[in-house]
Amino acid sequence: MTYLQKLLNEGKFVITAEVGPPKGVDLTRFREIVRLLKGEIDVFNVTDGQGASMRLSSLAGCLAILSEGAEPVMQMTGRDRNRIAIQSELLGAYTLGVRNILAITGDYPTLGDNPQAKPVYDLDSVGILLAASSLMRGKDLSGNELRGEPPRFYLGATVNPNFSPLEVELIKMEKKIESGARFFQTQAVYDLKVAEDFSKAVSDFNVKILFGIIPLRSLKSAKFVSEVIPGVKVPREILYRLEIAPDPKLEGLRISAEFIKKIREYGLAHGVHIMAIGAEKSIPVLLDML
Amino acid sequence: MIITKQKPFEEIAEELSGYDRVFLVGCSLCATACKTGGEEEVKAMKEKLEAVGKTVTGTVVLDPVCNLQKSRRDLRKFSQEISQSDAVLCMACGNGLQTLAEILEDLPIFPANDTLFLGEIKRFGVFEERCIQCGKCLLTSGVGLCPISRCPKGMVNGPCGGAKDGFCEANPEMKCIWLEIYEKLKKMGRLDEFRKIIPPLDHSLRVKPGKYSFRRGVVNDVPSKAS
Ligand code: SF4
Ligand code: SF4
C-alpha cells in the first residue's frame, strides 16, 4: 500500500502538491522545493510535460522526490507514448519505486512548445488505466503474461467539477473508476457551491477525492485561470478581494486557505491538491494559514 | 471525396525548376470537385507555367487518375506528348500521382496539390474531414458522429478535459465532437451507449500501406497476432 493510499484510507485530510520537472537537467530548484515542502505536504505530484511543453520526464522527477525521502505520484499522459511505451514505463517506474500513478490523456501538442510533434493518443485516460490495471493482474494489455510478481499501483485520474454538463464528467469518472482509478484530483475549484454540488454528485462513488487548488496571485491570474480551465468561474467576491487587497498574492493564499478549511470542515473531499504553478515556495505560507 | 488544396504557385515552380517541358494531368473526380485539377484549373496552370517560360507539352484530365488500367489506356493517346516531356505535373491527389508514377515509370512527376483528407463537401468550396479510414468502423452507437476522425485526440471514451464551452481544446473553432455525441445520445434516450467502456483501438487493422482485394479481403503487410 502506498503512503498516499494509507493516509486516504485512514481518513486523514491529505494535501498533495504539484511540481513540474525543469526544462533541462538542473534539478537544484526542483529539489529545493521538494525539501521545503517535504514536511508540510503529504505527497508530490509530478507533471508529465504539462501544457504539452517538453520537460524533464515525470519519472526522473519522481526519482528525485524519492531520493529526497518523499513520495511521488507520477502523471502519465497518452499524448507522447503508445501502449507499448506506456506499459513499459509503468513497469520501469514500479521497479524504481514509483507506485502512485495519475492517468491523463494529455494536452494537445499544438498548445505546447513543440507544436510540430506527432500526437500519439494510442490510449486515452481510460485506456491508460485499463493498461495499468491489466499489468496489476499480471498481464499486458494484449493479455500476454508478465513474469513474476505483478506490480501493485495505486491509480488515480482527474475530473473537472466545473464542467458543464457535469453529467459528462460523472459518466467519464465512472468509466475511470471501472477501469481502476481509486483517487481523483480535480481541476481548480473556487466556488464553494460547485464543490458542494460535485461532492454530493460523487458521494456514492467509492473513491477518494482531492479538490484542486490554484492560489490566485492577482486579478490577472484570476482571468488566466478562467481562460485555461474549462468552465471554471471565480466568484465575484473573490475578484473583489483580489482587486482591493494591498498584497494580492497574500490575499490569494488567504482565499485558498479559507476554501481548503471549508472543504475540510464540511467534509466535501478527502483532501486537496495544490497546483501553485511556479509559486511552490509560497505553499508553506498557505499551509500556515490553515 | 479526397480533399486537395493547390500548392502555392511558387512552390510548384520551385519543384519544376530545371524541367522545361511539362505534361499536365488533372482528374475528373475529386480534384475537379475541389477545383484543384479539373479542366479549368489545368488550363489556368498551363497559362501560368507558360508565363514563367515553361513549355506545356500537353494536358489531360483523366477519369479518374487513380484507376490504374483505365489511366494506362487513356494515356496511350498522349504517348507522343509525354515522350517529349521532362516532367509531369499531377493535379490530382497523392494517390493519383502514384498511379501515374506506376504508369509513366521513369518520368519525374511532381504534385501540384497537397492532399488533405477524406471528407465531405459541406457546400461549394467547404470540405470537412469525416473519416480517417481506421479499418474498423466503430460507429456502432448509432449516432453517426465519428470521434476517431473528428476528435483531434481520437478519444474513444468521452471528451478529454479540454473542451471549453462546448468547443475543442485543439481547435477552438470546432465544437467538441464528444459533447455532440453526448447530446445526441441523450436526445435519443440512449446514454447507456456513452457509459460503455470502449477498449483501446486495434491499430493493427490499419498497418500502412493498407491492402484489400475483393477475393482476399483486407491484407496487411505486417504479420500480426492481434487481428
Ligand atoms: S470509426 Fe470513424 S474513422 Fe473509423 S471507419 Fe468509421 S468513420 Fe472512419
Ligand atoms: S475537446 Fe473534444 S474534440 Fe477536442 S480533443 Fe478534447 S475530446 Fe476531442
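This passage describes the interface between chain A and chain B, and then the internal cavities. The model is predicted.

The two chains meet over a broad set of residues on each side. In chain A, 31 residues are in contact with chain B, where 27 residues take part. The size of an interface is often given as the accessible area lost when the parts come together. Here chain A and chain B bury about 2,400 Å² between them. Carbon and sulfur atoms account for 58% of that area. On the chain A side, three residues stand out: A:Tyr108, A:Ile171 and A:Lys175 supply 22% of the area that chain A buries against chain B. No other three residues supply more.

Polar and charged pairs also cross the interface. Between chain A and chain B, 14 residue pairs are in polar contact, with both residues at pLDDT 80 or more. The count of salt bridges between the chains is two. One salt bridge joins the side chains of B:Arg195 and A:Glu174, at 3.8 Å from N to O. Three helices of chain A each supply at least two residues of the side that touches chain B: α5 (125–136), α6 (166–178) and α8 (219–228). Helix α6 of chain A gives the most, with seven residues. By class, the side of chain A that touches chain B has 14 nonpolar, seven polar and 10 charged residues.

The search for enclosed space covered the whole structure. Two cavities of 30 Å³ or more were found. The largest cavity holds about 100 Å³ of space. Its lining comprises 14 residues. Closest to the centre of the largest cavity are B:Cys151, B:Pro152, B:Cys160, B:Cys168 and B:Cys176. The lining of the largest cavity divides into 11 nonpolar residues, one polar residue and two charged residues.

The second largest cavity holds about 50 Å³ of space. It is lined by A:Val189, A:Tyr190, A:Ile213, A:Ile214, A:Ile238, A:Ile255, A:Ser256 and A:Phe259. Helix α10 (residues 248–265) of chain A provides the largest share of this lining, three residues. Seven residues of the lining of the second largest cavity are nonpolar and one is polar. None is charged. In the lining of the largest cavity, by contrast, two residues are charged.

Note on methods:
Residues numbered from 1 in each chain as written. Chains lettered and ligands numbered in written order. Predicted model: local features only at pLDDT ≥ 70, side-chain atom pairs only at ≥ 80, totals over all residues. Heavy atoms only, no water. 1 Å grid on protein atoms, 1.4 Å probe; cavity = no way out; pocket = protein on both sides within 12 Å on 5 of 7 lines; lining within 4 Å. Points joined across faces, edges and corners; volume = space filled by probe spheres on them. Nonpolar A, V, L, I, M, F, W, Y, C, P; charged D, E, K, R; others polar. Helix = DSSP H or I, 4+ residues; strand = E, 2+ residues; numbered from the N terminus. Contact = heavy atoms within 4.5 Å. Buried area = accessible area lost by both parts, 1.4 Å probe. Salt bridge = Lys/Arg side-chain N within 4 Å of Asp/Glu carboxyl O. Polar contact = N/O pair within 3.5 Å; in protein donor to acceptor, adjacent residues only side chain to side chain.
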